[in-house]
Amino acid sequence: MSTAALAPARRRSRARGTATSCALARRQPAASAAYVAAVAFAALVVVNPVQVAILLGIVVGLLAASGRLRASLPYVRVALAVGLFLAILNPFFSRGGLDVIWQTDLWIFEITLTLQGLVYGITTALRLTAVVLAFALFNVALEPDDQLGLLSRFSFRSGLVLSLAARLLPVLSSDGAHIADAQRARGMELDRGTRRARATARLPLLGALLTRSLERAVDVAAAMEARGYGSGRRSQWLHRRPWRAADAALAGGAVLAAVALLTGLLRGAVGYDFYPLLDDPWAQLTDPWWLVTLVALVAPGALVLVRGRT
Amino acid sequence: MTAIAQFEGVTYTYPEAVRPALRDVTLTIRPAEVILLLGGSGSGKSTLLRALNGLVPHFHGGTFAGRVTVDEFDTRTARPHDLARRVGLVFQDPESQSVMTTVEREIAFGLENLGVASPAITRLVEEALISLGLSHLRHAPLAELSGGELQKVALAAVIATQPHLLLLDEPTSQLDPVSSEELLSAIRRLSEDTGATIVLAEHRVERCLHLATRVLYMEDGAVLVDATPQEFAGWAAGSRRELLPPVARLFARRLNGQAAASAADGRLPMTVKDARHMLDVVETEMPRRRKAEAQVAPGDVVLRTEKLAVGYERDTPLLEGVSLELRRGELVALMGENGAGKSTLVKHFNGLLKPLRGAVRLLGRDVGTLSVAEAARSCALLGQNPNDYFVRDTVAAEIDLTLENLKFEGALRDELAARIIAELDLAGLLQRDPRDLSGGERTRVALAAAACGDPPLVVLDEPTRGMDPTRKGELARTLQCWVADGRCVLVVTHDVEFAARCASRVLVLGDGGILADGPADEVLNGSLFFSTQVNRLLRHALPGVLHEDEIEWGSSAL
């Protein structure tokens, strides 16, 4: 639990009826999940820096078209921070490259910055960002209830915990904000001084927030039991969305992209050698398997998102 | 007729509680009954409902004596989830009873738990959505719904399981009047269309007494009255008049004048429509306005807003151009529909929120130049949930914390503490943990914690939510005392009857600004919705009359 939950209360966003404004989330969960999995798989296996940059562009484009790019900023921050760290660190420990840009001695270390090391570091950072954003896209494309639905086939309890967390976290955040506002209104200084002083001032409020959370947890548990949870073998509601052409396009695109990627991987269409000299990054862009992958990833997503908007 | 549920000598005590929450309760619930369960906070209403679905004793533990049977199932052996197919319970707090994140999945959750087949779930979810007018929200995340919509979803989720017995535990206590009315209409339709057996615990008797076929009144864990609505009204007219709807109180006053016996037939009206019919019958005696008490003129300005724009986005403010003055000696009711910006506006009075444009001046100082803590000495704000205020272990420590925050010391600090304790009757609670108190007591303690520094402006946001009529009356008297002492009190409320009884001025927000601002008898007179039962009954004959205390019965014509 963080004191960030004790920021001033804000009105809950009110987008009535636009809950699933992301068109991907309105599609069959299995189709959306397969599609996003294919995007994540591509981000994981592709190594060529230009191809990685294109994939990153696709993921960012999908998030933007879903209207969730801003909501994904926390993911972007984490990915960029880690990626930047790797990009900076890698050139100092990787000596495989031949094109030396800069060399120096630091105590017992000999540091050699090479073009190859620099490009490898930047590519790794971009790959990490693409993978992290692909998982952000997973959260956009599949609402927690749908994730629960998919997970239920394997572990209902885990899915339920996920769903409850998604349901109660905003409530907890709102509770924290209200508690902090109430204390400010009775003269408690929560916003003055250093960051540490502010955190110290807010610490006693976490107890109240914890108490509230426990009370809520007990209430939810009572409500669940009253609604038959634990009464025996559950059924699962399956047919709430009929399969449509867009679902088939997503699922088909996912399968096609996966096959093309695997084939491309075996035929060296998405691989890349950084050391000792950089391969030509543009050479693979016209490889048919890569082109098939691109079309299979871009076309269904664009189709669903554009149709969803209109 | 076969009983759907039965209590036989049930006495129940919660773990670590000193007194039983239910005392020797014996009653029979028959099919198609609509039972209104009344009683003050802590009288045992919720416990009685929870005993009907087995949460008492299985979930809560404690000591249970006697027997509750539902459809022949003994709740001592049948667990709540075993009874879920027969008994549906809608809880008070809409936030704490939902599990999933979207509306249709939430409705399906209970059905999935009961093992209903997928095609049947599709049909039942659809029917529940349609019956409560929620189809347009089927994909909406619960986090984006209003309290009223959430509570309707909770009701939909319960009725989808088609229980034999539907229990509603103060389902409107967290809702504004419009949402409450919608929910109660849905309940009424359900009762009329399906013949469902319903037990409804409620405080707002004027909204539901006419829906009931039977009334149970609880006090201290025991069922004190078990009667038809008319019998109950007759009983309440004699000893608990605050439990009656305002129009019934008006006619009960007349019965008093006539020694009851000569009244039309001794009946009391439950609705404005009933009352209008009865007025036609008792033509010889008509209500007339009592001599009004002289109003005290308001004093100095405490707070002034200047062309204030409030909201969360500069381009789309919730309210724009709000200019108003609050003066000492005024008790102002701030009304308006949900989302009109009432709570947002008052959070600008002590600087909790910053204006998009314009300024707020508190005792002449720009609130923007003060910290919230500095503004707290001049403006106390009691938010909607009293629990937000409790961070210490005793009531005394809560009061002391505020006085310490506000830097009061020595004799003045002791004096202020003693004064608020006396004003809010907290002497007997000082060493109690505020979280262990009843709802009404918690509100009093939170009010003490917010307002113990004797600020000239006290703002209360929805203080009467979930409050029983007795507590409401006490709160009104306390606020009127503060105003008489020269403070200014502003109450954000949806409770028209409460506003009419205690406010001298009413502000109505809507359409991005102030819709009405004036004396209560002018603003509340003739409104379609923001009006009292008595006003709706008598507005043509006695314009400006808001509640029965302004009326006396006499032989002269209207």
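Reading chain A from the N terminus, the elements go α-α-α-β-β-α-α-α-α-α-α. That makes nine helices and two strands for chain A. Keep in mind that what you have here is a predicted model.

**Chain A as a whole**

Measured out along its principal axes, the C-alpha trace of chain A spans about 65 × 60 × 40 Å. Chain A has 310 residues, and 45% of them count as buried. Its accessible surface comes to about 15,300 Å², with 67% of that belonging to carbon and sulfur atoms. As for how the chain meets itself, take the contacts in chain A with a separation of 6 or more: residues 24 or more positions apart account for 74% of them.

**Two spots on chain A**

Start with helix α3 (residues 73-93) of chain A, where you'll find A:Phe85. A:Phe85 is exposed, as its relative accessible area is 51%, and the cut-off for that word is over 50%. A:Phe85 also belongs to a nonpolar surface patch of about 560 Å², together with A:Val78, A:Val82, A:Leu86, A:Leu89 and A:Phe93.

Next, go to helix α8 (residues 245-266) of chain A, which holds A:Leu256. A:Leu256 is partly exposed, at a relative accessible area of 44%. Leaving aside residues up to four places away in sequence, A:Leu256 touches A:Val292 and A:Ala296. If you want a sense of distance, A:Leu256 and A:Glu189 are 67 residues apart in sequence and 59 Å apart in space, C-alpha to C-alpha.

**Where chain A meets chain B**

Now for the interface. On the chain A side 62 residues are in contact, and on the chain B side 75. The area buried between the two chains is about 6,100 Å², and carbon and sulfur atoms give 51% of it. Three residues stand out here: A:Arg186, A:Arg227 and A:Trp237 supply 17% of the area that chain A buries against chain B, more than any other three residues.

What about polar links? Between chain A and chain B there are 23 residue pairs in polar contact, counting pairs with both residues at pLDDT 80 or more. On the side of chain A that touches chain B, the elements giving two or more residues are α5 (144-152), α6 (156-185) and α7 (195-226).

Eight salt bridges cross the interface of chain A and chain B. One of them pairs B:Asp93 with A:Arg216, with the closest N and O atoms 3.1 Å apart.

**Salt bridges inside chain B**

Over all chains, the structure holds 45 salt bridges. Side chains of opposite charge can pair when their charged atoms come close. Here are three pairs from within chain B:

| Acidic residue | Basic residue | Closest N to O |
|---|---|---|
| B:Glu320 | B:Arg357 | 3.1 Å |
| B:Asp454 | B:Arg487 | 2.6 Å |
| B:Glu548 | B:Arg501 | 2.9 Å |

Take the pair of B:Glu320 and B:Arg357. B:Glu320 lies in strand β13 (residues 319-327) and B:Arg357 in strand β15 (residues 357-362) of chain B, so this salt bridge ties together parts that are 37 residues apart in sequence. Both ends are partly exposed: B:Glu320 has 41% relative accessibility, and B:Arg357 has 31%.

The pair of B:Asp454 and B:Arg487 joins two loops. B:Asp454 sits in the loop between α16 (439-451) and β18 (457-461), and B:Arg487 in the loop between α17 (469-484) and β19, so the parts tied together are 33 residues apart in sequence. Here B:Asp454 is partly exposed at 31% relative accessible area, whereas B:Arg487 is buried at 6%.

With B:Glu548 and B:Arg501, a loop meets a helix. B:Glu548 is in the loop between α20 (533-538) and β22 (551-554), B:Arg501 is in helix α18, and the two are 47 residues apart. Buried or partly exposed, which is B:Glu548? B:Glu548 is buried, with a relative accessible area of 4%, while B:Arg501 counts as partly exposed at 30%.

Salt bridges that share partners also join A:Asp175, A:Arg212, A:Arg216, B:Asp93 and B:Asp388 into one network.

**One more residue in chain B**

B:Asp495 is found in the loop between β19 (488-492) and α18 (496-502) of chain B. B:Asp495 is buried because its relative accessible area is 13%, and buried means under 20%. Residues up to four places away in sequence aside, B:Asp495 touches B:Met335, B:Thr464 and B:Lys472.

Methods
Residues are numbered from 1 along each chain as its sequence is written. Chains are lettered from A and ligands numbered from 1 in the order in which they are written. This is a predicted model: local features need pLDDT of at least 70, side-chain atom pairs count only at pLDDT 80 or more; totals for chains, interfaces and linings use all residues. Side-chain values use heavy atoms; hydrogens and water are left out. Patches are made of residues with over 30% relative accessible area and no salt bridge: like charges are joined within 9 Å, nonpolar side chains (Val, Leu, Ile, Met, Phe, Trp, Tyr) within 5 Å. Accessible areas come from the Shrake-Rupley method with a 1.4 Å probe; for residues, only the protein chains shown count as cover. A salt bridge is a side-chain nitrogen of Lys or Arg within 4 Å of a carboxyl oxygen of Asp or Glu. Helices (H or I, at least four residues) and strands (E, at least two) are DSSP runs, numbered from the N terminus. Buried means under 20% relative accessible area, exposed over 50%, partly exposed in between (1.4 Å probe, protein chains only). Contact means heavy atoms within 4.5 Å. Buried area is the accessible area (1.4 Å probe) that two parts lose on being put together, summed over both. A polar contact is a pair of N or O atoms within 3.5 Å; within protein, one must be able to donate a hydrogen and the other to accept it, and residues adjacent in sequence count only if both atoms are side-chain atoms.
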